[in-house]
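Student: I should like to learn how to read packing features in a structural model. May we work through an example together?

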Amino acid sequence: MAYYVYVIELNKIVAKSKKFRDKNPNFIFGNRCFYVGQSAKAPMLRFKQHKDGYKSNSYAKKFGLRLKPEFYEKYNPIPTRKDAEELETYIASKLKKSGFGVWFN
């Protein structure tokens, strides 16, 4: 079974959420915000599931705008769930260090 990482761009108004800001202390207001996830589902299907409310992250459902394949495409498919989880953390950390707002599990 293959796994995938994916990045969803979020509407910037997500940064008004205290919980989101608390998880992003170095976030630069005005920068873009993202949700980073991993799944056994292909990114397009997983994005649709988030928007439809199926096993959805609340930020991805409410604020999700579009997939950003330039941040994850080169990694997919991934052979194991463990590798996918490590890549999810790596991508999220890299985006955070660039000053973006990021939510991931």
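Tutor: The discussion below takes up the core, the aromatic rings and one helix of this predicted model.

Student: Which residues have the most contacts inside the largest nonpolar core?

Tutor: As a general idea, nonpolar side chains in soluble globular proteins tend to be buried together. In this model the largest nonpolar core comprises 30 residues, and I8, L10, V36 and L95 have the most contacts within it. At least two core residues come from each of β1 (4–10), β2 (33–39), α3 (58–63), α4 (81–97) and β4 (101–104).

Student: What does V36 touch, leaving aside residues up to four places away in sequence?

Tutor: With those set aside, V36 is in contact with Y6, V7, E88, I91, A92, L95, V102, W103, F104 and N105.

Student: How is a pair of aromatic rings described?

Tutor: Two quantities serve: the distance of the centres and the angle of the planes. There are nine aromatic pairs in the structure. In one of them, F27 and F29, the ring centres are 5.2 Å apart and the planes meet at 70 degrees, so the arrangement is edge-to-face.

Student: Are F27 and F29 buried or exposed?

Tutor: F27 counts as buried because its relative accessibility is 12%. F29, at 57% relative accessibility, counts as exposed. A further edge-to-face pair is formed by Y75 and Y90, with 6.5 Å from centre to centre and 85 degrees between the planes. This pair links distant parts of the chain, 15 residues apart: Y75 belongs to the loop between β3 (64–67) and α4, and Y90 to helix α4. Y90 is partly exposed, with a relative accessible area of 42%.

Student: Which residues form one aromatic cluster, and where does K23 lie relative to W103?

Tutor: F20, Y59, F63 and W103 make up one aromatic cluster. K23 lies over the face of W103, 4.5 Å from the ring centre. K23 also lies over the face of F104, at 5.9 Å from that ring centre.

Student: Why do the buried residues of α2 line one face of the helix?

Tutor: One looks down the helix axis and asks how the buried positions are distributed. In α2 (residues 43–52), the buried residues are P43, R46, F47, Q49 and H50. Viewed along the axis of α2, these buried residues fall within an arc of 160 degrees, so they line one face of the helix. M44 and D52 are exposed on the other side of α2.

Student: Against which elements do the buried residues of α2 pack?

Tutor: Their packing partners are β1, β2, α3 and β3. Just after α2, G53 adopts a positive phi of about 90 degrees.

Technical notes: Residues numbered from 1 in each chain as written. Predicted model: local features only at pLDDT ≥ 70, side-chain atom pairs only at ≥ 80, totals over all residues. Heavy atoms only, no water. Core = buried A, V, L, I, M, F, W, Y, C linked by side-chain atoms within 4.5 Å. Buried < 20%, exposed > 50% of the residue type's maximum accessible area, 1.4 Å probe, protein only. Helix = DSSP H or I, 4+ residues; strand = E, 2+ residues; numbered from the N terminus. Contact = heavy atoms within 4.5 Å. Phe/Tyr/Trp six-rings, centres within 6.5 Å; stacked < 30°, edge-to-face > 60°. Lys NZ or Arg CZ within 6 Å of the ring centre and 35° of its normal. Arc of directions from axis to C-beta.
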